[in-house]
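Colleague: Could you take me through this model and explain the reasoning behind your labels?

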Amino acid sequence: MDQIFDIYQQFLNFFPDNLHGFVSLGLAILIVLAIYKILKRNFIFIILLIVLLPASIPILSNLWESLVNLLKFLLTKS
């Protein structure tokens, strides 16, 4: 996760300081839209994965926590 933060910081350095908040907000919105489109398209398969493979629940919750941490980082880094 630290590597993602470092890459994001390098990306953010391309923009002036007064635009960092807008860039972070824009990236957060794009990530949320991408997650929404993926869930909308593959919702049935995700439910089947959870029902048929109970070991996937901790993996999916870990993935969810990582995405939430990434979004929090993007929104607080202004």
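Modeller: Happy to; we can go from confidence to helix packing and then to the pocket.

Colleague: How do you know how far to trust the model?

Modeller: This is a predicted model, so each residue carries a pLDDT, a confidence from 0 to 100. The mean pLDDT of the protein is 83, and 96% of its residues reach 70 or more. Confidence is highest in α2, at a mean of 87, and lowest in helix α3 (residues 43-52), at 76.

Colleague: Why is α2 called roughly antiparallel to α4?

Modeller: The axes of α2 (residues 20-41) and α4 (residues 56-76) cross at roughly 155°. Angles over 145 degrees count as roughly antiparallel, so α2 and α4 earn that label. Their axes also come within 8 Å.

Colleague: What makes the contact of α2 with α4 nonpolar or charged by class?

Modeller: The contact has 11 nonpolar residues, 1 polar and no charged ones. On the α2 side, the residues include L25, I31 and I35, while α4 brings L67, L70, L71, L74 and L75. Leu and Ile count as nonpolar, whereas Ser counts as polar, and S24 of α2 is part of the contact.

Colleague: How do you know which classes line the largest pocket?

Modeller: Its lining is I35, I38, L39, I46, L49, L60, L63, W64 and L67. Ile, Leu and Trp count as nonpolar, so the tally is 9 nonpolar, no polar and no charged residues. The pocket has a volume of about 290 Å³.

Colleague: Which helix supplies the largest share of that lining?

Modeller: That is α4, with 4 residues, although α2, α3 and α4 each supply at least two.

How values were computed: Residues numbered from 1 in each chain as written. Predicted model: local features only at pLDDT ≥ 70, side-chain atom pairs only at ≥ 80, totals over all residues. Heavy atoms only, no water. Axes fitted to C-alpha atoms, helices over the stretch in contact; angles between N-to-C directions. Parallel < 35°, antiparallel > 145°, perpendicular 65-115°, else oblique. Contact = heavy atoms within 4.5 Å. pLDDT = per-residue confidence, 0-100. 1 Å grid on protein atoms, 1.4 Å probe; cavity = no way out; pocket = protein on both sides within 12 Å on 5 of 7 lines; lining within 4 Å. Points joined across faces, edges and corners; volume = space filled by probe spheres on them.
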